[in-house]
Amino acid sequence: MHYWTGTGIAADPDMALKYYHRAIGAGSWMATLCYARLLAELGHHDDCESTLNGAVASGFVPAYFWLGWCRYARSKTPRTCQKVRPLMEHAADQGHPMARLFLARWMALGHLGLHNIPRGWMAVFRLAASPVFTERRTAPA
């Protein structure tokens with residue numbers, strides 16, 4: 001992570017990729033997510049998707065969200081929202097808070113069909129009041 005972020009050491013994305021790849025080989029799912037996100041940041045979108053597809057095939061729930069997010073980040077259109085919706089819905093059904101938030105936002109904005117706008121706004125308000133999202137705002141600095 002330090003090679004990626006440049007925290008305490010000079011940033012070196014190639015070294016970060018090398019160490020993340022080693023951690024993946026040792027069985028780290030979190031390294032898989034970081035590796036894929038760094039690949040996306042460096043513009044290696046096909047490799048990013050390949051890495052996340054492998055994690056999705058293994059049933060790693062956060063990978064569903066990140067695969068959907070990576071695809072959406074490349075093309076922020078309602079059509080992309082529709083395409084990644086099954087990934088986000090699976091992650092949300094399994095309890096991923098950011099997947100729930102993205103789905104609620106997309107519904108509220110009409111990206112998942114006009115008939116879902118009221119349902120989306122209800123979900124946004126429900127999430128805004130949930131402890132998962134309010135704890136961060138109320139926690140001491």
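Biologist: How do the residues lining the largest pocket divide into nonpolar, polar and charged?

Modeller: There are 6 nonpolar, no polar and 6 charged residues. Ala, Val, Leu, Ile, Met, Phe, Trp, Tyr, Cys and Pro count as nonpolar, Asp, Glu, Lys and Arg as charged, and the others, Gly among them, as polar. The lining includes Arg 85, Glu 89, Ala 92 and Met 107. This is a predicted model, in which local features need pLDDT of at least 70 and side-chain atom pairs count only at pLDDT 80 or more, while totals for chains, interfaces and linings use all residues. Residues are numbered from 1 along each chain as its sequence is written, and side-chain values use heavy atoms, with hydrogens and water left out.

Biologist: Why is Arg 37 called partly exposed?

Modeller: Buried means under 20% relative accessible area, exposed over 50%, and partly exposed in between (1.4 Å probe, protein chains only). Arg 37 has 32% relative accessibility, so it counts as partly exposed. Arg 37 lies in helix α3, where helices are DSSP runs of H or I with at least four residues, numbered from the N terminus.

Biologist: What is Arg 37 in contact with, leaving aside neighbours within four places in sequence?

Modeller: Trp 4 and Trp 66; contact means heavy atoms within 4.5 Å.

Biologist: How do you know that the span of α3 agrees with its 13 residues?

Modeller: The expected span is 1.5 Å times one less than the number of residues. For residues 29–41 that gives 18 Å, and the end C-alpha atoms are 19 Å apart, which agrees.

Biologist: What follows α3?

Modeller: Gly 43, whose phi is positive, near 90°.

Definitions and conventions:
Helices (H or I, at least four residues) and strands (E, at least two) are DSSP runs, numbered from the N terminus. On a 1 Å grid over the protein atoms alone, a cavity is a set of points where a 1.4 Å probe fits but cannot get out, and a pocket is an open set with protein on both sides within 12 Å along at least five of seven lines; lining residues have an atom within 4 Å of a point.
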